[in-house]
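Please open the structure in a viewer with selection by residue number enabled. The tour below proceeds stop by stop, stating at each one what to select and what is found there.

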Amino acid sequence: MKILRISKNEFKEKYPLKEVLQGAEPTVNTTVSMRYTKDTLHIRMECQANKPLVAEYQGTCVPVWKGDVGEVFISPYGSEEWYYELDVAPNGATFHARIY
C-alpha cells in the first residue's frame with residue numbers, strides 16, 4: 001500500500017463517518033473523501049481529535065489497530081466475507097490485508 005499526499009482541493013465531497021457496528025457517532029470527528037482514476041482509488045480521511053492520538057507502531061503490515069487508526073473496508077463483490085482491509089495510523093504506519 002502506498003500513501004500519497006493529495007491536495008484537499010482535489011477532493012470535492014466529504015462524508016461523515018459512523019461507527020461500523022452500531023452506526024453511532026465516532027469518538028473522533030472524522031470525514032472521508034474518495035476519488036478514483038482508471039487505475040487508482042484515492043481515499044482521504046480527516047480526523048479532528050480533542051486529545052493526542054496513539055500510534056505505537058511504525059512501518060508496514062504492523063498491528064496499527066491496537067492504537068488510533070483510520071480503517072477502510074472494501075468489498076468489490078458486496079460480500080461481508082471477502083473484502084480488503086486498509087488501515088493507516090496517525091504516524092503513517094499501515095496494515096493491509098485481503099480477508100476471506
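Select Asp-87 and Phe-95 to begin: Phe-95, in E6, is the bridge partner of Asp-87. The model is a predicted one. Next, add Val-88 and Thr-94; here the bridge partner of Val-88 is Thr-94, again in E6. Extending the selection to the whole of strand E6, residues 94-99, shows the element that 6 bridges join to E5, the two running antiparallel.

Move now to the connection between these strands. The hairpin of E5 and E6 has 5 residues between the strands, and within this hairpin Gly-92 adopts a positive phi near 95°.

Turn to the other neighbour of E5. Select Val-72 together with Leu-86, its bridge partner in E5. E4 and E5 are joined by 5 bridges and run antiparallel.

With E4, E5 and E6 displayed together, the sheet can be viewed as a unit. In which order do the strands of this open sheet lie? The order is E4-E5-E6, with antiparallel pairing among the 3 strands. E4 and E6 are the edge strands, each pairing on one side only. On average, neighbouring strands of this sheet are turned by 10° against each other, direction ignored.

Keep E5 selected and colour its side chains by face. In a regular strand, side chains alternate between the two faces of the sheet. Which residues of E5 form the covered face, and which the uncovered one? Tyr-83, Glu-85 and Asp-87 make up the covered face, whereas Tyr-84, Leu-86 and Val-88 make up the uncovered one.

The aromatic side chains form the next stop. The structure contains 4 aromatic pairs. Select Phe-73 and Tyr-83 for one of them: the arrangement is edge-to-face, with 5.8 Å centre to centre and 70° between the planes. This pair links distant parts of the chain, since Phe-73 belongs to strand E4 (residues 70-74) and Tyr-83 to strand E5 (residues 83-88), 10 residues apart. Phe-73 counts as partly exposed because its relative accessibility is 39%, a value between the limits of 20% and 50%.

Then select Trp-82 and Tyr-84. Their rings also form an edge-to-face pair, at 5.2 Å centre to centre and 80° between the planes. Trp-82 has a relative accessible area of 25% and is therefore partly exposed; Tyr-84, at 33%, is likewise partly exposed. Adding Tyr-77 completes a cluster in which ring pairs link Tyr-77, Trp-82 and Tyr-84.

Return to Phe-73 in strand E4 and display the surface. Together with Val-20 and Leu-21, Phe-73 forms a nonpolar patch there, with about 350 Å² of accessible area for the three together.

The last stop is the sheet formed by E1, E2 and E3. This open sheet of 3 strands has the order E1-E2-E3 and antiparallel pairing. Its edge strands are strand E1 (15-16) and strand E3 (41-48), each of which pairs on one side only. Select E1 with strand E2 (residues 29-36): 2 bridges join these strands, which run antiparallel. Which residue of E2 stands opposite Tyr-15? Selecting Val-32 gives the residue in question, as Tyr-15 stands opposite Val-32 in E2.

Notes
Residues are numbered from 1 along each chain as its sequence is written. Side-chain values use heavy atoms; hydrogens and water are left out. Rings of Phe, Tyr and Trp (its six-membered ring) pair if their centres lie within 6.5 Å; planes under 30 degrees apart count as stacked, over 60 as edge-to-face and the rest as tilted. Helices (H or I, at least four residues) and strands (E, at least two) are DSSP runs, numbered from the N terminus. Buried means under 20% relative accessible area, exposed over 50%, partly exposed in between (1.4 Å probe, protein chains only). Two strands pair if DSSP finds at least two bridges between them. Axes are lines fitted to C-alpha atoms, for helices over the stretch in contact, and angles run from 0 to 180 degrees between N-to-C directions. Patches are made of residues with over 30% relative accessible area and no salt bridge: like charges are joined within 9 Å, nonpolar side chains (Val, Leu, Ile, Met, Phe, Trp, Tyr) within 5 Å. Accessible areas come from the Shrake-Rupley method with a 1.4 Å probe; for residues, only the protein chains shown count as cover. A salt bridge is a side-chain nitrogen of Lys or Arg within 4 Å of a carboxyl oxygen of Asp or Glu.
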